[in-house]
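Trainee: I would like to go through this model with you. I will ask how each label is justified.

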Amino acid sequence: MNFAFVNIEQVLAWQLLDATAMGILAIALLTSTALMALPDGAAAASHPVTLESFAKEGVLPPRLPSVMRVMHVVQLSLGVLVPFSWLIMGIVVVVFLDQYVRALPAIALLGAATCFVAMPLASNASLLAVGLHRRVPWLMLSAGMVKVVAAVILVRRDPSVTSIAVAGVLGSMVYAAGYLRLVARAFRLGARASGAFLVEYLAGPFVVLALAVFVVIASPGGQYEGYWQVTGVASAVAVVALGAYYRFLRRRRRI
């Protein structure tokens, strides 16, 4: 289901635009699909420790490292890898697939969407332990509907693949917020602590989203002569910003 949720933009492009737009989105989603392997692997590695801890205690201990630290590692890793992937995919598109240069804005936006979806998945062992994993399909369905409705509205105003990508970002943000609320519930966090939990783990994805918006705005009109400079700046900013966030987490003993 994760694969279908991440790739629903292709179907929307085909239905709302045309087959060419679907091909452009397919190029943009190549990176997103590959990056999803990171949280899947992290989640698989954390399952035994998390489930064993729950079996011993009967509850999930606060700040359980096999969940909380793993989520931070995935958040920080994606925060650096995604901006660099824009640069790499830009080279691939311009050198080998120049007919798909219109995919570059969508590559940036859908990379940010991937951060919102992938980071919470690293915590799925906590939902599995307490039985809240049964709610994830309904959450995914709701977030998928947000993508569909947003795509229909945005395409009417601007029939482009960028509109589809923006709809993908909106749906992914809804998914991330809902998933993290389930994780907070699994750890029995109160209302105030749940809010702080969401802010802590959505910081990285929002940094990447801000950089994606910068890439799109700084290289307008589909003319991406300056794309290398723009994505290079975005990658450097990501390293600096998330490096500072990593040091903050180390001081707080969160990672």
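Mentor: Start with one helix pair; the model is predicted. The axes of helix 2 (residues 8-16) and helix 8 (residues 136-157) cross at roughly 35° and come within 11 Å. Their crossing is right-handed.

Trainee: Which residues meet where helix 2 faces helix 8?

Mentor: Helix 2 brings Ile8, Glu9, Leu12 and Leu16. Helix 8 brings Gly144, Lys147, Val148, Ala151, Val152 and Val155. Contact here means heavy atoms within 4.5 Å.

Trainee: What makes helix 9 roughly antiparallel to helix 10?

Mentor: The two helices pack at an angle of about 150°, with axes 9 Å apart. The cut-off for roughly antiparallel is over 145 degrees. Therefore helix 9 counts as roughly antiparallel to helix 10. The crossing of this pair is right-handed.

Trainee: Which residues of helix 9 and helix 10 make the contact?

Mentor: From helix 9, they are Val169, Met173, Ala176, Ala177, Leu180, Arg181, Val183 and Ala184. From helix 10, they are Ser194, Phe197, Leu198, Tyr201, Leu202, Phe206 and Leu209.

Trainee: How many aromatic pairs are there?

Mentor: The count comes to 3 aromatic pairs. Take phenylalanine 116 and phenylalanine 206, whose ring centres are 5.1 Å apart.

Trainee: Why is that pair called edge-to-face?

Mentor: Ring centres within 6.5 Å make a pair, and planes over 60 degrees apart make it edge-to-face. The planes of phenylalanine 116 and phenylalanine 206 stand at 85°, so the label is edge-to-face. The two residues are 90 apart and link distant parts of the chain. Phenylalanine 116 sits in helix 6 (residues 103-121), and phenylalanine 206 in helix 10 (residues 191-218).

Trainee: Are phenylalanine 116 and phenylalanine 206 buried or partly exposed?

Mentor: Buried means under 20% relative accessible area, and exposed means over 50%. Phenylalanine 116 has 1%, so it counts as buried. Phenylalanine 206 has 38%, so it counts as partly exposed.

Trainee: Why is the pair of tyrosine 175 and tyrosine 179 called tilted?

Mentor: Their ring centres lie 5.6 Å apart and their planes stand at 50°. Stacked needs under 30 degrees and edge-to-face needs over 60. The angle meets neither cut-off, so the pair is tilted. Both tyrosine 175 and tyrosine 179 are buried.

Trainee: What separates tyrosine 175 and tyrosine 179 along helix 9 (residues 161-186)?

Mentor: They are 4 residues apart, which means about one helical turn. An α-helix has 3.6 residues a turn, so residues three or four places apart point the same way.

Trainee: How do you know that helix 6 is largely enclosed by the rest of the structure?

Mentor: Of its 19 residues, 19 are buried, so the description follows. Helix 6 reaches 26 Å from its first C-alpha to its last, close to the 27 Å expected.

Trainee: What makes serine 163 buried, and isoleucine 88 exposed?

Mentor: Serine 163, in helix 9, has a relative accessible area of 6%, so it is buried. Leaving out residues up to four places away in sequence, serine 163 touches Leu154, Val155 and Asp158. Isoleucine 88, in helix 5 (residues 65-96), has 53%, so it is exposed.

Trainee: How many helices and strands does the protein chain have?

Mentor: It has 11 helices and 0 strands. Of its 255 residues, 49% count as buried. Among contacts between residues at least 6 apart in sequence, 80% join residues at least 24 apart.

Key:
Residues numbered from 1 in each chain as written. Predicted model: local features only at pLDDT ≥ 70, side-chain atom pairs only at ≥ 80, totals over all residues. Heavy atoms only, no water. Phe/Tyr/Trp six-rings, centres within 6.5 Å; stacked < 30°, edge-to-face > 60°. Buried < 20%, exposed > 50% of the residue type's maximum accessible area, 1.4 Å probe, protein only. Expected span 1.5 Å × (residues − 1). Axes fitted to C-alpha atoms, helices over the stretch in contact; angles between N-to-C directions. Parallel < 35°, antiparallel > 145°, perpendicular 65-115°, else oblique. Left-handed = near helix turned anticlockwise from the far one by under 90°.
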